[in-house]
Each structure stands twice: as structure tokens, then as C-alpha cells.
Amino acid sequence: MPGDTCRCDSKPCLAACPCTKGGRPCGDKCHGGRPWASVPCLNTQHGAKVKAMKPDQIRKALCDAGLSPVGDKNELSKRLAVHYSEVAPAKETSGKSGGDSKATSSESKEQSSRSTEELMNVILANEGDYVFILCLSGRMVKATSGKPELRKAYLQLSTKVHPDKNSNSHTSKKAFQAVLEAFESLANPEKREELEKTEEPEAVEDAQSLGAKMEPVSPDPSVKDDDQ
């Protein structure tokens with residue numbers, strides 16, 4: 001029946017959506033027949049799970065899943081909801097087939113590798129923009145941030161792009177060096193004074209959102225709050 005589906009294909013299914021109004025989740029026939037993963041809709045079981053989460057929880061979940069934490073609220077929410085919808089079937093069948101489990105693990109590793117490569121490319125594309133680079137760790141860093149906070153951002157990001165974890169690729173070596181340079185420059189009092197005069201707040205926010213686009217880096221247990 002026409003009243004049982006919606007045609008929301010360019011905006012989230014909110015109050016005006018027939019399905020939302022009727023208190024029912026969107027189905028395969030909704031959104032003009034377009035795949036659910038390709039539209040902004042969160043009116044599903046997995047979408048509802050994400051909508052109940054806070055922004056920082058969504059970014060952390062994306063990082064833990066090896067997905068980029070860069071983007072606006074709607075983009076991040078949809079990305080995580082799609083991820084949940086994809087891993088749910090795998091969890092249901094886990095244990096039934098060892099081969100399927102291995103295939104899922106392999107796909108997850110490949111996805112994480114692609115995300116890391118994307119992160120390294122963004123670092124290199126913004127080489128010299130020290131504040132922006134450290135913000136890709138997912139932490140809000142400024143030219144005026146204290147050394148302990150700078151160090152935590154550096155450790156989280158450098159661990160992700162370290163050559164030892166990326167087959168000693170040329171890209172990882174350059175990205176790691178760029179992250180190290182960003183930390184050392186911001187931790188240097190004379191350099192900090194120079195940067196404080198030129199830092200643009202908009203760039204800091206863009207980077208943190210992007211480190212919500214590049215692969216969000218999960219907190220490393222070895223990273224301590226106090227500077228050592």
C-alpha cells in the first residue's frame with residue numbers, strides 16, 4: 001500500500017516521514033526503491049541504536065570499527081548505522097561456518113587498511129599544518145594546548161601510521177615523520193608563539209571533524225594522561 005512506504009531519499013526520515021509518523025521502521029520498498037545504505041534514513045533498528053548515542057560515542061565506535069570519524073553528525077550517524085547493519089548478519093552466522101568467519105575477518109582487515117591509507121594521505125596533504133594534523137587523532141588540539149595533551153594526540157596518531165604497522169611503506173614513513181614534526185613544533189615554545197598568531201579556529205574544527213573523516217584513532221592503552 002502507498003501509505004506503508006515513504007519516499008524520503010534525500011533527507012533523514014523525520015517527523016514528516018509517513019513511516020516515522022506511523023511508528024514503523026522503513027523497509028526495502030521505501031525511499032523510492034533506493035538501497036537503505038545510500039539514503040540518509042536512520043528509521044531502522046540499527047539507525048535507532050545510533051540515534052540514541054552521543055556524538056563522541058559515535059566517533060569512538062567508528063574508530064573502534066576502523067572507520068573514519070570525519071564528517072558531520074548525519075554522515076557519521078549513517079556510517080555507523082550502515083556498519084551495524086553489515087556486521088549484524090555476520091554475528092548471527094558466526095560459529096556456524098569457520099570459513100565465513102575467516103572471510104569476515106579478512107574483509108575487516110582490508111577495510112581498516114584502506115582507512116589507514118586514507119588517513120596517511122590526508123596527513124601528507126596537510127603537511128606543515130601542525131594543529132590540523134594532530135587534530136586528526138580525534139582530540140581537539142590548539143597551538144596553546146599543553147605538552148601532555150599534545151603528546152596524547154601525537155601518540156594516538158603516530159601509533160596508527162607507524163611504519164612498523166604499515167609494512168614500512170614509503171607513505172607511512174612520510175606520514176609518521178609529518179606527525180612527529182607536528183608534535184615537536186607545537187611543543188617548542190618559540191614555534192608555538194609563532195603559530196598562535198596565525199592559527200585559524202575554523203581549521204581546527206575542520207580537522208577534528210575530518211579526523212572524524214580519516215580513520216579515528218582508538219585510544220591506545222599505553223597512552224597515559226601525564227607527560228613522562
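Leaving aside neighbours within four places in sequence, which residues is N166 in contact with? Let's work up to that and a few other puzzles. This is a predicted model, where local features need pLDDT of at least 70, side-chain atom pairs count only at pLDDT 80 or more, and totals for chains, interfaces and linings use all residues. Residues are numbered from 1 along each chain as its sequence is written, and side-chain values use heavy atoms, with hydrogens and water left out.

**Exercise 1. Work out the surroundings of N166.**

Step 1: place the residue. N166 sits in the loop between helix 7 (147-161) and helix 8 (170-187). Helices here are DSSP runs of H or I with at least four residues, strands are runs of E with at least two, and both are numbered from the N terminus.

Step 2: list the partners. With neighbours up to four places away set aside, N166 is in contact with T116, M120, K160, V161 and S172; contact means heavy atoms within 4.5 Å.

Step 3: look for a polar partner. A polar atom of the N166 side chain is 3.3 Å from the backbone oxygen of K160. For reference, a polar contact is a pair of N or O atoms within 3.5 Å; within protein, one must be able to donate a hydrogen and the other to accept it, and residues adjacent in sequence count only if both atoms are side-chain atoms.

Step 4: check the exposure. N166 has a relative accessible area of 14%, so it counts as buried. The cut-offs are under 20% for buried, over 50% for exposed and in between for partly exposed, using a 1.4 Å probe and protein chains only.

**Exercise 2. Compare S167 and N168, a little further along that loop.**

Step 1: confirm the location. S167 is in the loop between helix 7 and helix 8, and so is N168.

Step 2: read the backbone angles. Phi is near 55° in S167, a positive value in a residue other than glycine. N168 also has a positive phi, near 50°. As background, most residues other than glycine have a negative phi.

Step 3: read the exposure. S167 is exposed at 70% relative accessible area, whereas N168 is partly exposed at 44%.

**Exercise 3. Check the lengths of the two helices that flank the loop.**

Step 1: set the rule. The expected span of a helix is 1.5 Å times one less than its number of residues.

Step 2: apply it to helix 7. Its 15 residues should span 21 Å, and the end C-alpha atoms are 21 Å apart, so the two agree.

Step 3: apply it to helix 8. This helix has 18 residues and reaches 26 Å from first C-alpha to last, close to the expected 26 Å.

Step 4: see what is tucked away. Buried residues of helix 7 include L150, Y154, L157 and V161. In helix 8, the buried set includes S172, A175, F176 and V179.

**Exercise 4. Find the largest nonpolar core and its contributors.**

Step 1: define it. A nonpolar core is a set of buried Ala, Val, Leu, Ile, Met, Phe, Trp, Tyr and Cys residues joined through side-chain atoms within 4.5 Å.

Step 2: count and name. The largest one has 27 residues, and those with the most contacts inside it are I123, L134, Y154, V161 and V179.

Step 3: trace the sources. Helix 5 (98-125), helix 6 (130-135), helix 7 and helix 8 each supply at least two residues of this core. Helix 8 gives the largest share, eight residues.

Step 4: note the other core. Apart from it lies another core, of 20 residues, including C6, C30, W36 and Y84.

Step 5: zoom in on V161. Not counting residues up to four places away in sequence, V161 touches L119, M120, I123, N166, S172, A175, F176 and V179.

**Exercise 5. Explain why C6 and C30 are not in disulfides.**

Step 1: recall the cut-off. A disulfide needs a pair of cysteine sulfur atoms within 2.5 Å.

Step 2: test C6. Its closest cysteine sulfur is in C17, 3.8 Å away, so that pair is too far for a bond.

Step 3: test C30. The closest cysteine sulfur to C30 belongs to C19, at 3.6 Å, which is too far for a bond.

Step 4: take the total. The structure holds zero disulfides.

Step 5: add the exposure. C6 is buried, with a relative accessible area of 1%, and C30 counts as buried at 1% as well.
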